[in-house]
Amino acid sequence: KTMPRCTKTDPNAQRDALILEIAQRQFRLETLETRNWDRLDFHDVAVWAIRAALEEAFEAGRRAGRVKTELRAAS
């Protein structure tokens, strides 16, 4: 039996997936893709939801930076 090869995942794909998760959780959006229909592409969003999403994204970036720093230190 062969082991599956470890492949690096695309960092942009990881970032985009996290951004979509935050948008779905904070804004109840299905997608962040443009659908060329105002009703689907424009949303009323409360300022506290925007703040929460920005805080969540900021913390995700901080955690990612910490992991990179720890990995470099371990090398």
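In which element is the place of alanine 52? Alanine 52 has its place in helix 3, and the points below take up that helix along with the rest of this predicted model.

1. Overall content. The protein has three helices and zero strands. Read from the N terminus, its elements follow the order α-α-α. Of the 75 residues in the protein, 8% are buried. The exposed surface of the protein comes to about 7200 Å², and 56% of that area is supplied by carbon and sulfur atoms.

2. Packing of helix 1 and helix 3. Helix 1 covers residues 11-27, and its axis comes within 10 Å of the axis of helix 3, with a crossing angle of roughly 150°. Helix 1 is therefore roughly antiparallel to helix 3; the cut-off for that description is an angle over 145 degrees. The crossing of helix 1 and helix 3 is right-handed.

3. Alanine 52 and phenylalanine 27. Returning to the opening residue, alanine 52 in helix 3 is separated from phenylalanine 27 by 9.8 Å between C-alpha atoms, while the two residues are 25 apart along the chain. Is alanine 52 buried or exposed? Neither word applies, because its relative accessible area of 23% makes alanine 52 partly exposed.

4. The salt bridge between glutamate 56 and arginine 25. The count of salt bridges in the model comes to four. One of them joins glutamate 56 to arginine 25, with 2.2 Å between the closest N and O atoms. Because glutamate 56 lies in helix 3 and arginine 25 in helix 1, this pair ties together parts that are 31 residues apart in sequence. Both partners are partly exposed: glutamate 56 has a relative accessibility of 22%, and arginine 25 has a relative accessible area of 42%.

5. The salt bridge between glutamate 59 and arginine 62. Where do glutamate 59 and arginine 62 lie? Both are in helix 3, three residues apart, which is about one turn of the helix. The closest N and O atoms of this salt bridge are 3.0 Å apart. Glutamate 59 is partly exposed at a relative accessible area of 32%, and arginine 62 also counts as partly exposed, with 41% relative accessibility.

6. The salt bridge between arginine 15 and aspartate 16. The side chains of arginine 15 and aspartate 16 form a salt bridge with an N to O distance of 2.8 Å. Arginine 15 has a relative accessible area of 44%, so it is partly exposed. Aspartate 16, at 40% relative accessibility, likewise counts as partly exposed.

7. The loop between helix 1 and helix 2: backbone. Most residues other than glycine have a negative phi. Which phi value does arginine 28 have? Its phi is near 60°, a positive value in a residue other than glycine. Arginine 28 has its place in the loop between helix 1 and helix 2 and counts as exposed, at 69% relative accessibility. Asparagine 36 is found in the loop between helix 1 and helix 2 as well, and its phi is also positive, near 55°. With a relative accessible area of 71%, asparagine 36 is exposed. A reader checking the backbone may wish to view these two residues.

8. The loop between helix 1 and helix 2: threonine 31. Threonine 31 has its place in this loop too. In space, threonine 31 and leucine 20 are 6.9 Å apart from C-alpha to C-alpha, although eleven residues apart in sequence. Threonine 31 counts as partly exposed because its relative accessibility is 23%, whereas the cut-off for buried is under 20%.

9. A nonpolar surface patch. Which residues form a nonpolar patch on the surface? They are Val45, Ile50 and Leu54, and their accessible area together is about 250 Å². Valine 45 is found in the loop that runs between helix 2 (38-41) and helix 3 (47-74). With 33% relative accessibility, valine 45 counts as partly exposed.

Methods. Residues numbered from 1 in each chain as written. Predicted model: local features only at pLDDT ≥ 70, side-chain atom pairs only at ≥ 80, totals over all residues. Heavy atoms only, no water. Patch = residues over 30% accessible without salt bridge, like charges linked within 9 Å, V, L, I, M, F, W, Y side chains within 5 Å. Areas by Shrake-Rupley, 256 points an atom, 1.4 Å probe, with all protein chains shown as cover. Helix = DSSP H or I, 4+ residues; strand = E, 2+ residues; numbered from the N terminus. Buried < 20%, exposed > 50% of the residue type's maximum accessible area, 1.4 Å probe, protein only. Axes fitted to C-alpha atoms, helices over the stretch in contact; angles between N-to-C directions. Parallel < 35°, antiparallel > 145°, perpendicular 65-115°, else oblique. Left-handed = near helix turned anticlockwise from the far one by under 90°.
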